Amino acid sequence: MNKRDKTLQLIKELEDNQDRPISPDLKENLDMLTLLTEGCSDIVFRQFDFGNGLCGFIVYIEGIVKSEHIQDHALRPFLRHLMDQIEEHEEALQNTLSIASVASETSVSKVAESIIEGNAVLFAEGHSKCLILKIKGGQRRSIEEPITESTIRGSREGFTESLRVNTALVRFRVKTLQLKMISFKIGTKTKTDIVLAYIDGIADPKVIEKVKKRIKKIKIDAVLESGYIEEFIEDDTYSPFPQLQYTERPDTVSAQLLEGRFAIFTDNTPFVITGPITFWQLMQASEDYYERYLMSNLIRWLRYMFLVVALYLPAIYVAVITYHQDLMPTNLMFSVASSREPIPFPAIVEALIMEISFEALREAGVRLPKTIGQTVSILGALVIGTAAVEAGIVSAPMVIIVSLTGIASFTIPRFNLAISIRMLRFPLMFLASIFGIFGIMLGTIILVLHLCKLQSFGIPYLSGISPFKRDEVKDIFIRAPWWTMIRRPGTYSRGKGQKGAKREDPQDEENNI
């Protein structure tokens, strides 16, 4: 039997016998771990012999564990306090090593799991226990401004790929022991750490229990991004609309936790998913709450207006050109007709050509390097649009319609909602080409019925409007002043609690002086 077969057999034995104990014989432990890690060149075995029968070895993954910490916080303290001078070796070692987190372990399978997770493991001769030294490090990306959610006013901190850095960024903002963080391990091969965060006493316990059950039911080999978790726990997988929100901003997560929602942190990704959500939440941006409410309302109304444009404008154009020319003013009708005269395709084919080309250019702009991606997408749209008009493939009005639609889709603050709207444009265009305005009305009815039926962890997707909740209307189409929003949304939270302080009238303050 070759080494590979022996390694596979040993792994199978450890999977079948999770409680296999560590041997007091140091050489047996070393041989077993060497065989277990056969072919893993990044796993380091560092042996030591201090005399007086004091010998052992440390095993860790190079690049994840900070080797200087092993030297400064493990081996040197270990050398200063020889084992033969103390009675209770394990307790003394734990008190001697200058590492914040040290744990003992007796199971071989747990030791192997600890090594893979990025911990260092210390073995000593004559002891059937080893010490797990939690000194995980390595090179990771530092805290930077989020690229996908840049703001003019607000925090410049964004999440990173480090789980505990991300949870700490939220702890900096929500300084209460009611903020609970529950850990899970998902993925039989990756064993990815995820954390469920919520504020006890504010979040609805039924929703939190539902989230825990759905997370525990996940069976998958690997979790490499939070999107894996999102697909497993959302209510309706086949809906085009997102039922969870993802964000790179710690202030956004903190605000949503304070409203009674939960957050799921996933190791190795800067994107944190939050829920439950409503449709209206996806139309809100962080700056809505940092700028003065009058400016925020103006921008929010603009978003809703362009949401309608992004969804309906191409379909309305196709319907009017195909069936309802009499709806256009006479001068406009003549202008459009003259521009469409050389076009050999019907309006729906013309619209599909331009929409698909625009989507391809947008995708190319995302995938190309940042320095040239934006230039290529803009120049490509201008050049292709101009050339298509001159060649008589599409009309000038259609280029204008598609350009306005593309600009409108960029005003939607959440990418997952924006891409849903972009996708829904196409069935609406087909309905418009078959039934005209009546097809658009039919598509709208189906869309509204679906939204009314959709839920996010038991919360209606259109909550606030359907069902109507007077207190929550203050933060849907408008953002009311802070001093009027004195209660949390009852949709997500356990009950209505204090959210803001009531503003004193400045005239009263002057009278009191």
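This report describes the nonpolar cores and a nonpolar surface patch of one protein chain.

The structure is a predicted model, in which local features need pLDDT of at least 70 and side-chain atom pairs count only at pLDDT 80 or more, while totals for chains, interfaces and linings use all residues. Residues are numbered from 1 along each chain as its sequence is written, and side-chain values use heavy atoms, with hydrogens and water left out.

**The chain as a whole**

The protein chain has 17 helices and 12 strands, these being DSSP runs numbered from the N terminus (helices H or I, at least four residues; strands E, at least two). Of its 513 residues, 46% are buried, where buried means under 20% relative accessible area, exposed over 50%, and partly exposed in between (1.4 Å probe, protein chains only). Among contacts (heavy atoms within 4.5 Å) with a separation of 6 or more, 65% join residues 24 or more positions apart.

**The cores**

In soluble globular proteins, nonpolar side chains tend to be buried together. A nonpolar core is here a set of buried Ala, Val, Leu, Ile, Met, Phe, Trp, Tyr and Cys residues joined through side-chain atoms within 4.5 Å. The largest such core has 48 residues, and Phe241, Phe279, Leu417 and Tyr461 have the most contacts inside it. Helices H10, H12, H14, H15 and H16 each supply at least two of its residues, with H10 giving the most, 11 residues. A second, separate core of 20 residues includes Leu26, Leu33, Val59 and Ile115.

Not counting residues up to four places away in sequence, Phe241 touches nine listed partners, including Phe279, Leu417, Leu451 and Tyr461. Leu451 itself, leaving aside neighbours within four places, is in contact with Phe241, Tyr461 and Leu462. Leu451 and Phe279 are 172 residues apart in sequence, yet 8.5 Å apart in space, C-alpha to C-alpha.

**The surface**

Leu298, Ile299, Trp301, Ile465, Phe468, Phe477 and Ile478 form a nonpolar surface patch with about 680 Å² of accessible area together. Such patches are made of residues with over 30% relative accessible area and no salt bridge, nonpolar side chains (Val, Leu, Ile, Met, Phe, Trp, Tyr) being joined within 5 Å and like charges within 9 Å; a salt bridge is a side-chain nitrogen of Lys or Arg within 4 Å of a carboxyl oxygen of Asp or Glu. Accessible areas come from the Shrake-Rupley method with a 1.4 Å probe, and for residues only the protein chains shown count as cover.

Two residues are set side by side below.

| Residue | Helix | Relative accessible area |
|---|---|---|
| Leu451 | H16 | 10%, buried |
| Ile299 | H10 | 43%, partly exposed |
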